Amino acid sequence: MSIDWSTVFTWHQLANVIDVLVVWFCIYKLILMVRGTKAVQLLRGIVIILVIKIISEYVGLQTIAWIMDRVIQWGVLATIIIFQPELRRGLEHLGRGSLFGKAKRETNQTVKMIDGLDKAVQYMAKRRIGALISIEKETRLDEYIATGIPLDADISGELLINIFIPNTPLHDGAVLIKQNKIAAAAGYLPLSENPFISKELGTRHRAAIGLSEVSDALTIIVSEETGEVSIAQNSELMRDLTHENFVKVLEQQLVTPDSKKKPNMIQEFISGITRRDSK
Ligand SMILES: Nc1ncnc2c1ncn2[C@@H]1O[C@H](COP(=O)(O)OP(=O)(O)OP(=O)(O)O)[C@@H](O)[C@H]1O
């Protein structure tokens with residue numbers, strides 16, 4: 001017996017399903033892009049206002065619904081005025097970015113970055129120089145970069161080693177890498193509150209795990225006590241990595257095929273909006 005699918009699914013129903021899926025996909029992507037940035041607070045505010053408006057309309061609270069309507073009407077204008085510099089920066093960023101991405105150049109830069117990281121980490125591990133280095137991926141780390149000393153420097157093994165030399169002004173805290181540049185040093189990362197983290201691990205490791213719980217960043221830790229090299233990502237700690245495994249993880253996590261690395265227009269725009277003004 002054959003099923004006549006046209007009776008089960010009309011074109012209209014299929015269009016509705018696609019419609020809902022596309023909207024959910026866009027919301028999901030938006031959440032991924034703004035996760036860990038100040039834009040989350042703005043989005044949260046908008047969602048709260050919308051929820052209040054929907055509930056008050058549903059329950060019949062006319063005055064509150066009317067107030068929420070005005071808040072939304074004026075809120076759009078106020079948001080544009082308040083965030084005018086960020087919006088302009090976002091549009092400029094979008095204008096500068098190529099539709100086809102800068103994938104090739106980025107991949108070369110990433111390979112160079114991995115070389116620099118490898119050189120520095122091997123040097124520091126041998127000499128038990130403590131280090132904490134976080135690399136931004138999709139989630140913006142701007143609010144953590146803002147806690148450190150801004151550098152905006154090209155990555156090199158020598159510079160990274162210099163930063164972590166004990167008793168120098170920048171050695172305490174984390175180096176934060178953004179778009180193949182050292183954005184800041186001496187940054188403060190959020191500490192994990194996970195009670196199951198081994199008691200032998202101190203705050204350096206806890207900070208690395210903490211950041212990996214709130215973002216998709218990859219954080220390298222060199223232990224001052226043991227010289228162990230670890231990587232924290234996605235709430236997990238890969239401990240005591242061999243040189244070979246360390247490089248392998250970095251390559252797997254940071255060098256993606258060219259096609260995947262293409263920054264799309266929305267990412268360019270959001271990164272422009274959420275970028276901290278370094279001037
Ligand atoms: N929240 C934080 N953000 C950034 N860096 C931090 C944070 N907390 C601690 N650190 C860094 O970790 C150092 C303290 O490391 P601590 O000895 O407590 O950690 P650990 O995990 O035992 O590491 P190690 O094995 O190197 O001793 C601080 O001097 C500072 O540089």
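Student: What makes strand 3 count as mostly covered in this predicted model?

Tutor: In this predicted model, strand 3 has 5 residues, and 5 of its 5 residues are buried. The burial extends to both faces of strand 3, with Ala174, Leu176 and Lys178 on one side and Val175 and Ile177 on the other.

Student: How do you know that strand 3 is paired with strand 1 and with strand 4, and in which sense does each pair run?

Tutor: Two strands are said to pair if there are at least two bridges between them. Strand 1 and strand 3 have 3 bridges and run in the parallel sense, while strand 3 and strand 4 have 4 bridges and run in the antiparallel sense, so both pairs meet the criterion of at least two bridges. As examples of residues that stand opposite one another, isoleucine 133 faces valine 175 in strand 3, and lysine 178 faces lysine 181 in strand 4.

Student: What do strand 3 and strand 4 form, and how many residues lie between them?

Tutor: They form a hairpin with 2 residues between them, and glutamine 179 in the turn has a positive phi of about 50°.

Student: Why is one side of strand 2 and of strand 7 left without a neighbour in the sheet?

Tutor: The open sheet has 7 strands in the order 2-4-3-1-5-6-7, with mixed pairing. Strand 2 (149–154) and strand 7 (236–238) stand at the edges and have a single partner strand each, so one side of each lacks a neighbour in the sheet. Averaged over neighbouring strands of this sheet, and with direction ignored, the turn of one against another is 20°. For strand 2, the partner is strand 4 (residues 181–187), which is joined to it by 4 bridges and runs antiparallel to it; within this pairing, isoleucine 149 has alanine 185 as its bridge partner.

Student: Which helices lie against these strands, and at what angles?

Tutor: Helix 9 (residues 203–214) packs on the sheet, where it touches strand 1 (131–135), strand 3 (174–178), strand 5 (218–222), strand 6 (229–233) and strand 7, and its direction makes about 175° with that of strand 5. Helix 10 (residues 243–254) lies across strand 1, strand 5, strand 6 and strand 7, and runs at about 25° to strand 6.

Student: Why is leucine 211 called buried?

Tutor: The cut-off for a buried residue is 20 or more other C-beta atoms within 10 Å, and leucine 211 counts as buried because it has 29 C-beta neighbours inside 10 Å. Leucine 211 belongs to helix 9, and, leaving aside residues up to four places away in sequence, it touches Ser134, Tyr144, Leu189, Pro190, Ala217 and Thr219. Leucine 211 and proline 190 are 21 residues apart along the chain, yet their C-alpha atoms are separated by 5.8 Å.

Student: Why is alanine 186 called partly exposed, and what is notable about its phi?

Tutor: A residue is partly exposed when its count falls between the limits of 12 or fewer for exposed and 20 or more for buried; alanine 186, with 18 C-beta neighbours inside 10 Å, therefore counts as partly exposed. Alanine 186 has its place in strand 4, and its phi is near 60°, a positive value in a residue other than glycine. Most residues other than glycine have a negative phi.

Student: Why does aspartate 240 count as partly exposed?

Tutor: Aspartate 240 has 13 C-beta neighbours inside 10 Å, and therefore counts as partly exposed. Aspartate 240 is found in the loop between strand 7 and helix 10, and although it is not a glycine, it has a positive phi of about 50°.

Student: What surrounds the ligand, and which element gives the largest share of its shell?

Tutor: There are 17 residues around the ligand, of which Gly202, Arg204, Ala207, Ser223 and Glu224 come nearest. Helix 9 gives the largest share of the shell, 4 residues, and the shell as a whole divides into 7 nonpolar, 6 polar and 4 charged residues.

Student: Where does UniProt place the feature "transmembrane region", and what is the secondary structure of residues 46–65?

Tutor: The unreviewed UniProt entry places this feature at residues 14–34 and 46–65. In the model, the span 46–65 is 90% helix and 0% strand, and its end C-alpha atoms lie 15 Å apart.

Conventions
Residues numbered from 1 in each chain as written. Predicted model: local features only at pLDDT ≥ 70, side-chain atom pairs only at ≥ 80, totals over all residues. Axes fitted to C-alpha atoms, helices over the stretch in contact; angles between N-to-C directions. Contact = placed C-beta atoms within 7 Å. Near = placed C-beta within 6 Å. Nonpolar A, V, L, I, M, F, W, Y, C, P; charged D, E, K, R; others polar. UniProt positions renumbered as here; feature names shortened; annotations may be inferred.
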